[in-house]
Every structure is written in structure tokens, then in C-alpha cells.
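Please open the model in your viewer and keep the sequence panel alongside it, since each stop of this tour begins with a selection.

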Amino acid sequence: MQRLIMATSKTYKLNTGAAIPAIGLGTWKSQPNEVTEAVKAALQRGYRHIDTAFAYGNEKEVGEGIRQSGVPREQIWLTTKLDNPWHKRAPEALERSLSNLGTDYLDLYLMHWPSSTDPNDLSKHYPDWDFVDTWREMQKLVGTGKVRNIGVSNFAIKNLERLLNDPSCKIVPAVNQIELHPCNPSPKLIAYCASKGIHVTGYSPLGSNDSPLYKNEILLDIAKAKGKSPQQVLLAWGIQKGWSVVPKSVTKSRIDSNFELDGWELTEDEIKKIDSIEERFKVCGDSWLPVKVFFGDDE
Ligand SMILES: NC(=O)c1ccc[n+]([C@@H]2O[C@H](COP(=O)([O-])OP(=O)(O)OC[C@H]3O[C@@H](n4cnc5c(N)ncnc54)[C@H](OP(=O)(O)O)[C@@H]3O)[C@@H](O)[C@H]2O)c1
């Protein structure tokens, strides 16, 4: 009997026991005037996972989209992120995000970057505070009931090791959200996260704006042979490799087509071919931060 493949209702179990939906809608660079419609369209299409961040400046409009969708809050996985200049003020930052989003809890609160930036001078890192201190404070938020799961983002192996080995670390991050597509596959970091029970969410799964991936012949050949779009193949690749994906779009037809992932899957051979892509690029580097966070040791 043929297995019914339902990627869009698939979830991954986190180390807290919670279940994160395999596909979510990303909202970075989604303008406030367009993101409400995008979130509403996604939820009405069946998405049950929305990824935003305080730094995206659109939490209010994301919250509005959730309300307009008519989908009950408890059916939605909502992730937002603690912004770098707020590391010393995590409880206040959380209150702001909750108020912006118009909700009384988050499913997942991520430390956006392992960079505790001085709010008075964004080119400076605090001399007396870093992500280990921030995590100590984030752990306290779980007890308030306002945050169901906490995690990190843009953490390389070196920083994860430091965090996990610190005596103040009582909660292993539930998730590490990192850039993941065939041109930034990071297998060592993924294996490390798996060994520690940390679920990975792949950001920029399509390669972001003007993705160089759409010129990749291996990807285009597989998409053509399967009668799927390159975007659908990229999302299926991520989900079948074992991580959740958060493709961003503000275009209804793309929001819909990115969700057409049920009833088919990539073969092992197709996955291997995509894994064999050698071209490399990164959408998000660390040169804009006051500290280095990528060390080239996780690819
Ligand atoms: N934790 C972090 O530091 C971090 C960093 C980066 C991203 N993220 C998260 O990950 C999400 C996704 O990453 P991303 O926004 O960088 O890029 P992405 O999802 O890889 O790609 C988004 C781009 O692809 C276009 N697109 C989407 N679906 C398409 C389709 N079916 N056909 C053609 N084009 C399509 C979108 O255009 P339109 O919108 O115009 O349709 C947009 O230009 C973000 O939105 C954010 O939520 C997190």
C-alpha cells in the first residue's frame, strides 16, 4: 500500500515534547502593508506556523493577519525573536513582542543572534554581558507561561558548546534556527544539533531574494523531471532532511504553491543529487554585527 505523504501537516517533536509544524511562513522583509494579507492568506491556506522577529518591524501587522485569518490562536505555532540590543532586557522585549502580536504567549522565543549589542551604539558589544547571560534570563521566561519553548538562532557549534557547557545552562535550546539551503547545507552543525536534541529550523530555504539557486542546473533538472517548481523541491528537500522550513512570500500564488507539498516526495537519489551541489553562498553573514558568530567550522 502506498504511504500517504502529508508534508504540510507534518510536525517535528522538540526536546520539550512540543510539536513544531514542518512548514511555516517567513516574514523577514515583508512590509507592514503587505504582511497582514500574507499571514492571513497563509493561515487560510492551511499553514499553522508563522515566523517573525521584533527586528523585522512587522509584529503588529503579523498579529493582525493572525486575527483576520479566523484561525484560532491555539492552532498556530508562533515564533518571534529577541533582538540584539535587547539582550539585557529580555522580559521587557518579550512584553513588547506579545503586545505587538496581540497574544498572551509565544510558542517559541528565539535569541535572534548570539550578539549582545549595546543599544546606545550598535557597533559595540557589551563588555560585561554576552549570550550566556542572555540565555540565563531567557530561561526564566519559561516559568512565566508566556513562552512555551525557547531556542536560539544563528548559533554555530563553537557558540553552542559554550552555551551548553556553562553551568547556568539548565534548558537545552529547543531549536536552533539557521540558514539552510543546498548552497549552505551545514552538515556538521546539523549533526551537532541532532546529537544534543536540538531541532533545526532552516531559514532562507529558497536562497532568499533573487536566489542564485534558481540557476542551478541540478535543481532545475530535478524540478522539471518531477513537474514541480524549484521552490517546492527546495522545501521538500529540507523537510525530508529533517528540519522545518520557513519560506517567505507576500505573493498569494507563491504562498499557495509553496504549500503544495503533499502526495509526493523526493527519491533518495534526488536528495543525494541536491546534496551534491557544490556552489556555496550565504544570505546572512556576520559582518554587520559587533562580534563574529560564524567560524567556518560547521559547514
Ligand atoms: N533567524 C534569522 O536570522 C533569519 C534570517 C533570515 C531569514 N529568517 C527567516 O526565514 C524566512 C525565509 O528566509 P528569507 O525571507 O531570507 O528567504 P526565502 O524564504 O528563502 O525566499 C524569499 C524570497 O523568495 C521569493 N519567493 C517565495 N516563494 C517563491 C516562489 N514560489 N517562486 C518564486 N519566488 C518565491 C519571495 O518573494 P515574494 O515575497 O515577493 O513573493 C522572496 O523574495 C524569513 O522571512 C525569516 O522569517 C530568519
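**A pair of packed helices**

Begin by selecting helix 1, residues 32-45, together with helix 2, residues 59-69, which pack with their axes 7 Å apart and at an angle of about 35°. This is a predicted model, and the crossing of helix 1 and helix 2 in it is right-handed. To see what makes the contact, show side chains for P32, V35, T36, E37, A38, V39, K40, L43 and Q44 on helix 1, and for E61, V62, E64, G65, I66, Q68 and S69 on helix 2. Coloured by class, the residues of this contact between helix 1 and helix 2 divide into seven nonpolar, five polar and four charged.

**The ligand and its shell**

Select the ligand next, and expand the selection to the 29 residues around the ligand, of which G26, W28, Y203, L206 and K248 come nearest. The shell around the ligand is made up of nine nonpolar, 16 polar and four charged residues.

**The whole chain**

Now zoom out and switch to a cartoon of the protein chain, where ten helices and ten strands can be traced. With a radius of gyration of 18 Å, close to the 19 Å that the globule rule gives for 299 residues, the protein chain is as compact as a globular protein of that length. Along the principal axes, its C-alpha atoms fill a box of roughly 55 × 45 × 35 Å.

If you colour by burial, 46% of the 299 residues of the protein chain count as buried. Finally, in a contact map restricted to residues at least 6 apart in sequence, 77% of the contacts in the protein chain join residues at least 24 apart.

Key
Residues are numbered from 1 along each chain as its sequence is written. This is a predicted model: local features need pLDDT of at least 70, side-chain atom pairs count only at pLDDT 80 or more; totals for chains, interfaces and linings use all residues. Helices (H or I, at least four residues) and strands (E, at least two) are DSSP runs, numbered from the N terminus. The radius of gyration is taken over C-alpha atoms; the globule rule is 2.2 Å times the number of residues to the power 0.38. A residue is buried if 20 or more other C-beta atoms lie within 10 Å of its own, exposed if 12 or fewer, and partly exposed in between; C-beta atoms are placed from the backbone. Two residues are in contact if their C-beta atoms, placed from the backbone, lie within 7 Å. A residue is near a molecule or strand if its C-beta atom, placed from the backbone, lies within 6 Å of it. Ala, Val, Leu, Ile, Met, Phe, Trp, Tyr, Cys and Pro count as nonpolar, Asp, Glu, Lys and Arg as charged, and the others, Gly among them, as polar. Axes are lines fitted to C-alpha atoms, for helices over the stretch in contact, and angles run from 0 to 180 degrees between N-to-C directions. A crossing is left-handed if the near helix is turned anticlockwise from the far one by less than a right angle, and right-handed if clockwise.
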